[in-house]
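Please open the structure in a viewer and keep the selection panel at hand. The tour proceeds from one selection to the next and describes what is found at each stop.

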Amino acid sequence: MLVGDDIGESTEGTKVEVTLGDIDLDQPTAVLSQLNVWLNDEGQGVERGVQLRKRKRIIPMWKIVEASEVVKKNLPKTTGLRTLDSMKAIPHDDMVKLLKLCSEWRHNPNLVMQFGNVEAEIEFFASLVKADGWLKGDHIDLGLYLIRKRQQQLEEVEISDWTTTDVFFMVPACGLDWQNTYKVYVPCMLQKYKHWVALEIDLIQCEIKVYDSMVSLIPDQSLKEELGPLSITIPNLLHTLDFYEEGVYANECTRDWWCPWPIHRVDVPQQANQGDCGMFVLKYIELLSAEISLATCTSQNMPFFRLKLAAEIARGDAYMP
């Protein structure tokens, strides 16, 4: 489907022409190509000439909501996270919205758009849609917030199989208290290697599973040394909180759970470039929490997942099953 030429309303209050006529929305690669022209090529050139002459303006896009504020979706009872289709096409309207939003940055790279608690400048979306663009903590946190928000929209969540932390290992908006869950997914930056991995803290088996998209980068022993402090901190923290006395379940660990927890690397699909580790982490967590196979987590699909995340951030909601 080709989109006709359109005139979008500018955030400056004037009309800004957005030429979409040659972009085929049925081809995600065509949309990504145009976004990269606006954000990573021409947009950066415009920015260098404009940025010092204008004060940045912050444009609120959407706000973070807590679990108690989430409006439940009225969906069939058969609809749940397990029916999530990670490769489902992005609605054309959302791609048009994303294109117009990024076109705004092309014409005025001084704009700052606030998504939740993230003040995003042009570089935020530029690195997100770039083929091997590095995802920062803000990208990861927004992606995980939308995943947790969808969980709250779909379920009456009191006790759940899972929740996530943010990149600072905190319980964030729409997150569950650990005493009401069985697994905690954590995005973890291995600082020494500048590499994102996903951790699954199993509160039943008292172990830490590592989902690493580039196992060739870090030897097993080095990985365990990097995560060693965490394997000690978690049981100590839980012991201090009387976690297993106060929690909703008893752990099934056959060892002394207050001792350092073992760290296991899980065999998962691998990335083929240097910049996709953050996107892999988000998809690992999204699919694992929905109990869906990781088969779609391939480097070939990462450009589509990047575009999908950009559309989800622009709309303020993750796509429903």
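**Cysteines**

Begin by selecting Cys-297, which counts as buried at a relative accessibility of 0%. Then select Cys-259, which is partly exposed, with a relative accessible area of 32%. A search of the whole structure finds 0 disulfides.

**Confidence of the model**

The model is predicted, and colouring by pLDDT is a useful next step. The protein chain has an average pLDDT of 86, and 85% of the residues score at least 70. Select residues 1-18, where the pLDDT is below 50; the model nevertheless gives this stretch 49 contacts beyond near neighbours in sequence. Proceed to residues 45-53, where the pLDDT stays under 50 and the model has 10 contacts beyond four places in sequence.

**Aromatic pairs**

Turn now to the aromatic rings, among which a search of the whole structure finds 9 pairs. Select Trp-62 and Tyr-145, a stacked pair with 5.9 Å from centre to centre and 15° between the planes. Trp-62 belongs to strand β3 (residues 57-62) and Tyr-145 to helix α4 (residues 137-154), so this pair ties together parts that are 83 residues apart in sequence. Is Trp-62 buried or exposed? Trp-62 is buried, with a relative accessible area of 13%. Tyr-145 is likewise buried, at a relative accessible area of 2%.

Extend the selection to Trp-105, Phe-115, Phe-124 and Phe-125, which form one aromatic cluster together with Trp-62 and Tyr-145.

**Nonpolar cores**

Which residues touch the most other members of the largest nonpolar core? In this core of 71 residues, they are Leu-35, Trp-105, Phe-115, Phe-125, Tyr-284 and Ile-313. Trp-105, Phe-115 and Phe-125 also appear in the aromatic cluster.

Centre the view on Ile-313 and display its contacts. Leaving aside residues up to four places away in sequence, Ile-313 touches Trp-62, Phe-115, Phe-124 and Phe-125, as well as Leu-128, Leu-142 and Leu-146. Apart from the largest core lies another, of 24 residues, including Val-197, Leu-227, Leu-230 and Tyr-244.

**A charge over a ring**

For the final stop, select Lys-283 and Phe-305. The charged end of Lys-283 sits over the ring of Phe-305, at 4.3 Å from the centre of that ring.

Terms used: Residues are numbered from 1 along each chain as its sequence is written. This is a predicted model: local features need pLDDT of at least 70, side-chain atom pairs count only at pLDDT 80 or more; totals for chains, interfaces and linings use all residues. Side-chain values use heavy atoms; hydrogens and water are left out. Rings of Phe, Tyr and Trp (its six-membered ring) pair if their centres lie within 6.5 Å; planes under 30 degrees apart count as stacked, over 60 as edge-to-face and the rest as tilted. Helices (H or I, at least four residues) and strands (E, at least two) are DSSP runs, numbered from the N terminus. Buried means under 20% relative accessible area, exposed over 50%, partly exposed in between (1.4 Å probe, protein chains only). A charge sits over a ring if NZ of Lys or CZ of Arg is within 6 Å of the ring centre and within 35 degrees of the ring normal. pLDDT is the predictor's confidence in each residue, from 0 to 100. Contact means heavy atoms within 4.5 Å. A disulfide is a pair of cysteine sulfur atoms within 2.5 Å. A nonpolar core is a set of buried Ala, Val, Leu, Ile, Met, Phe, Trp, Tyr and Cys residues joined through side-chain atoms within 4.5 Å.
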